[in-house]
Amino acid sequence: ILFSIELKSDGSLDESRWTERHWQAIAPLREAKHLRTLICVGGWERSAGFADICQSPSLRLKAAAELVRYCQKYKLSGVNLDWEHPSTPAEQQAFATWLGELHPIFDRNALDLSIAVAASQKLPPAAWAAAHRVMLMSYDDAGKHSSFAASQKHLALMLEQGVKPSQLVLCVPFYGRHEDTRDPLTYADIVQKFSPRP
């Protein structure tokens, strides 16, 4: 999953953060057999366009066409929608409506439709049903930001909301956070500084 492009509030795509240089850098990876490549749409501080689009039938249709066009242009397997986060019941319902419209469009074009969600996120049952995969962001908790126990709890919360086990993908971080300051360290930094056991 490539991070990321953004939705503009008029239904078009802002591709400026994912450039030709990025495509060239991952070209060897994309030649690997049985590898599916999806583009992430949104993310933290990159989700401003979702609310306007999801609440407008015409913008939902336009954005869907733009996503299909982008996937076809770059020979992608699909998209991962990462709206962080629908904050009201109306936004949650609007997102579910759009996902329900996207599902058949993506199926017709042989594209995967996944959504990235936090464990605390609530969505209507129709939203979960419309996604091929639910990417559970099981990290950035207070204290130990990504523990095995927390992942078990997060998965249980998703199952309680009606997400099917076959839809769930557990997303884990390859970085650490200081328990008090929350400062991050890359995995390479952790190995260099602390030499953890395998």
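**Notebook: a patch, a buried glutamate and a sheet**

I started at the surface, where Leu-170, Val-172, Phe-174, Tyr-187 and Val-191 make a nonpolar patch of about 480 Å². Patch members have over 30% relative accessible area and no salt bridge, with nonpolar side chains joined within 5 Å and like charges within 9 Å. The areas come from the Shrake-Rupley method with a 1.4 Å probe.

A note to self: this is a predicted model, where local features need pLDDT of at least 70 and side-chain atom pairs 80 or more, while totals for chains, interfaces and linings use all residues. Residues are numbered from 1 along each chain, and side-chain values use heavy atoms, without hydrogens or water.

Next I looked up Tyr-187, which is in helix 7 (residues 187-194); helices are DSSP runs of at least four residues (H or I), strands of at least two (E). Tyr-187 counts as partly exposed because its relative accessibility is 49%, and that class lies between buried (under 20%) and exposed (over 50%).

Then I found Glu-84 in the loop between strand 4 (78-82) and helix 4 (89-108). Glu-84 is buried but has no salt bridge (a Lys or Arg side-chain nitrogen within 4 Å of an Asp or Glu carboxyl oxygen). Arg-46, the nearest side chain of opposite charge, is 9.2 Å away.

Last, I traced the sheet: seven strands, open, mixed, in the order 2-1-3-4-5-6-7. Strand 2 (13-14) and strand 7 (168-171) are the edges, each pairing on one side only; pairing takes at least two DSSP bridges. Strand 3 (residues 38-42) runs parallel to strand 4, joined by five bridges, and Leu-38 stands opposite Gly-78.

Notes
Buried means under 20% relative accessible area, exposed over 50%, partly exposed in between (1.4 Å probe, protein chains only). Lys and Arg count as positive and Asp and Glu as negative; His and the chain ends are not counted.
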